[in-house]
Amino acid sequence: MALIDVKVPDIGDFDEVAVIELLVKVGDTVKAEQSLITVESDKASMEIPSSTAGVVKELKVALGDKVKQGSVVLVVEAAGEVAAPAAAPAAATPSVRAEPALRQAQDDRNSGQASPSTSSGRTEVAASGPVEVHIPNIGDFKDVAVIEVLVKPGDKIALEQSLITVESDKASMEIPSSHAGVLKELKVKVGDTVNIGDLLAILEGAVAASSPSPQPSPQGVEGAKPAAPAAPAAAAPQAASVSAPVAPAHNPTASAPLGLPHASPSVRKFARELGVPLAEVKGSGLKGRITAEDIQSFTKSVMTGAVQTTAQAAKAPASSGGGGSELGLIPWPKVDFAKFGPIERKEMGRIKKISGANLLRNAVMIPAVTNFDDADITDLEAFRVSTNKENEKSGVKVTMLAFLIKACVASLKKFPEFNSSLDGDSLVYKQFWHIGFAADTPNGLMVPVIKDADKKGVLQISQEMGELAKKAREGKLSPAEMSGATFTISSLGGIGGRYFTPIINAPEVAILGVCKSQMEPVWDGKAFVPRLMLPLSLTWDHRVIDGAAAARFNAYLGQILGDFRRVLL
């Protein structure tokens, strides 16, 4: 065993950057290149990776500490031969843009005069005609995403004023202009990916900064240390070019803040995946830093209606009086129930909180319709009982739900739109059949998934269902065991009831609900005979499926359950 100091690699000419997030703790096992901490300068944030793999024995930094190249981050214990420290990844070397230091120099640039730049020792050279601005050397980044556009055509651009913000999986940074002038055309938009040398913008009346060196480096501003803040006149065009108004949480009417909210790249990615407007989230971290927990809390607040985003406020109908959501609903009633009698307050479980938000979204956004039918399972139930008697020694108990899963797979193959998902204006037809089944647990409803149900027999499905249901009750289901379903069955089994309307589990387009079967008199053309009937409730997304297809699906499913030999056809 060897103890190794993991140090801050070369992160450019940053000096004394602040530690704003700790991503590991003592006892954690880390991999080479795994992010350990997040640091931030006044212009960029980045995650510092580990140069070796091992177990964290000691943290050498805390939140708020200042670090620089060579600072010890932590001590790891590496087993066996220790590999040579990995080279610092490109993501840890973002470019830093320099601000113009003198207002007089800016005034000269705006008037088209060439004047020396005392802040960097460079001289400014006037250019004739339109000038192209390219992406400077931003390190070994490749295909970094544009996450924010800070200017618009017609804006007056100052030398080294930020034009866009880009982000890799490890760092975010602002890309500066190599010239001053008026923005004639912007060649990128949010969502584009860029590389060194890509055309960024075209300026008119441009003035460039040239180095006294005979051959200026294409790095441009890389390595320049941040100078004094830009003059108010230089900041005004940038403030006016923010693409959309933003507001802090709980106050959509507040004025828009300048610049990007403070958050690490991983948190920004998490927010984008959930569609959370970062500028409206109030950070609870160091210096107002937005954490992943802040994103989750904001999402829950929006889903429960406690917080309204700027976009929701802009879309809210005037008739709502400002008190409803974008649906124009009146506010949720607030009642002091203690006035009427004794009460007990209990916090909802984590699973119910998570599933509740998903169910609300699905119920509101999906135009769902439910078809009700009955399937004659008299013969199938008799076959199930005899199968269990024959397989008593195996310990595997075959349930009706296992037969339902196989029957649904056959129906999904015959009607493939039920096994699809909506993606914009397109349908994604899945060529695999993973069936989810709702499991009732002490902590709430969970949906384990039987993968590749088309390739498994009823006995194997029954065995897997038993194992997954047990893990669900014990709270040991992994995310992989609850993901990937193409169709879901919600069975109330022997509890009772007749019919119900299950909520579709997006991005699926249909769900089957089943209740307790019961004996009923059924007319066979000559007389009423007792038959075991299973109630079926098929809920489907009307954007994808029409009523005729749903009726055919239910009818075909009933035929298979009535004569299971059809599953072989």
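Is F403 buried or exposed, and what is its relative accessible area? In this predicted model, F403 is buried, with a relative accessible area of 2%.

The aromatic rings of the structure were examined in pairs, and the count comes to 9 aromatic pairs. One of these is formed by F403 and F564, whose ring centres lie 5.2 Å apart with an angle of 90° between the planes, an arrangement that is edge-to-face. Because F403 belongs to helix 8 (residues 400–414) whereas F564 belongs to the segment after helix 10 (547–562), this pair ties together parts that are 161 residues apart in sequence. The partner ring, F564, is likewise buried, since its relative accessible area of 18% falls under the 20% cut-off.

A second arrangement is seen for F418 and F553, where the centres are 4.3 Å apart and the planes stand at 25°, so that the pair is stacked. This pair, too, links distant parts of the chain, with F418 in the loop between helix 8 and strand 20 (420–423) and F553 in helix 10, 135 residues apart. F418 is counted as buried at 0% relative accessibility, and F553 is buried with a relative accessible area of 0%. Both residues also take part in one aromatic cluster, which is formed by F415, F418, F487, F553 and Y556.

Charged side chains were found over two of the aromatic rings, one of which belongs to a member of this cluster. The charged end of K414 sits over the ring of Y556, at 5.3 Å from the ring centre, while that of K413 sits over the ring of W433, at 4.9 Å from the ring centre.

Key. Residues numbered from 1 in each chain as written. Predicted model: local features only at pLDDT ≥ 70, side-chain atom pairs only at ≥ 80, totals over all residues. Heavy atoms only, no water. Phe/Tyr/Trp six-rings, centres within 6.5 Å; stacked < 30°, edge-to-face > 60°. Helix = DSSP H or I, 4+ residues; strand = E, 2+ residues; numbered from the N terminus. Buried < 20%, exposed > 50% of the residue type's maximum accessible area, 1.4 Å probe, protein only. Lys NZ or Arg CZ within 6 Å of the ring centre and 35° of its normal.
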